[in-house]
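Me: Please take a close look at one part of this chain, the nonpolar patch on its surface, and set it in the context of the whole fold.

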Amino acid sequence: MTVIKNDVINEYTNSGSDRYSITFEYDRPEQVTVRTYNSDTNEYEDVTDWVFDGATAIRFTGVVPDTFEIVRVTDISQSYGESRYAVFQQGSAIKAGDLNGNLELLRLAIEEGANESDSQQDQIDDLNDKLDQEIIDRE
C-alpha cells in the first residue's frame with residue numbers, strides 16, 4: 001500500500017517487492033532518503049540498504065522493512081555556493097533565473113515543513129490515543 005502525503009513523502013507497507021516508486025519531485029539524489037519509524041523511541045531511523053533504480057524508484061539491497069517512508073529532504077543551509085542558487089550582493093543585478101532558483105529551493109523546503117507539521121500532529125494523536133487507552137485500562 002502506498003500513501004502519498006503533501007507531495008514530499010511516500011509511505012509504504014512491504015509488498016514483497018524490493019522496488020518502490022518515488023512519486024515526488026526532487027532536484028538531487030541527496031534529497032531522497034528512506035526511513036522507518038521506531039515506536040519505542042518515537043524517532044525516525046534512516047534505512048541505508050537501498051539504491052536508486054532509475055530516477056523514479058528505489059530498490060532495496062537488503063531486507064525490506066515492514067513499513068517505511070521515502071522522503072524528500074531539502075537542506076537549505078547548503079544552498080550557498082551552489083551554481084544553481086545565487087547569493088545577491090548589494091548593487092548587483094538580479095537575474096530572473098537566479099531568483100527563480102532561490103524561490104524553488106524555498107518552495108521545496110516549505111512543502112517539507114508543512115509535511116513535518118502533519119507528521120508531528122500524527123505522532124501527538126497516536127500518543128494521545130495510547131494515553132486514553134491506558135486510562136480506560138486502569139478504570
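Reply: The secondary structure comprises one helix and eight strands, which run β-β-β-β-β-β-β-β-α from the N terminus; helices (H or I, at least four residues) and strands (E, at least two) are DSSP runs, numbered from the N terminus. This is a predicted model, in which local features need pLDDT of at least 70 and side-chain atom pairs pLDDT 80 or more, whereas totals for chains, interfaces and linings use all residues. Residues are numbered from 1 along each chain as its sequence is written, and side-chain values use heavy atoms, without hydrogens and water.

The chain exposes about 9,000 Å², of which carbon and sulfur atoms supply 50%; accessible areas come from the Shrake-Rupley method with a 1.4 Å probe, and for residues only the protein chains shown count as cover. Of the 139 residues, 29% are buried, that is, under 20% relative accessible area, with exposed meaning over 50% and partly exposed in between (1.4 Å probe, protein chains only).

The nonpolar surface patch covers about 550 Å² and is made by Phe-88, Ile-94, Leu-99, Leu-103, Leu-106 and Ile-110. Patch residues have over 30% relative accessible area and no salt bridge; like charges are joined within 9 Å, and nonpolar side chains (Val, Leu, Ile, Met, Phe, Trp, Tyr) within 5 Å. A salt bridge is a side-chain nitrogen of Lys or Arg within 4 Å of a carboxyl oxygen of Asp or Glu. Within this patch, Phe-88 lies in the loop between strand 8 (67-72) and helix 1 (96-138). Phe-88 counts as partly exposed because its relative accessibility is 32%.
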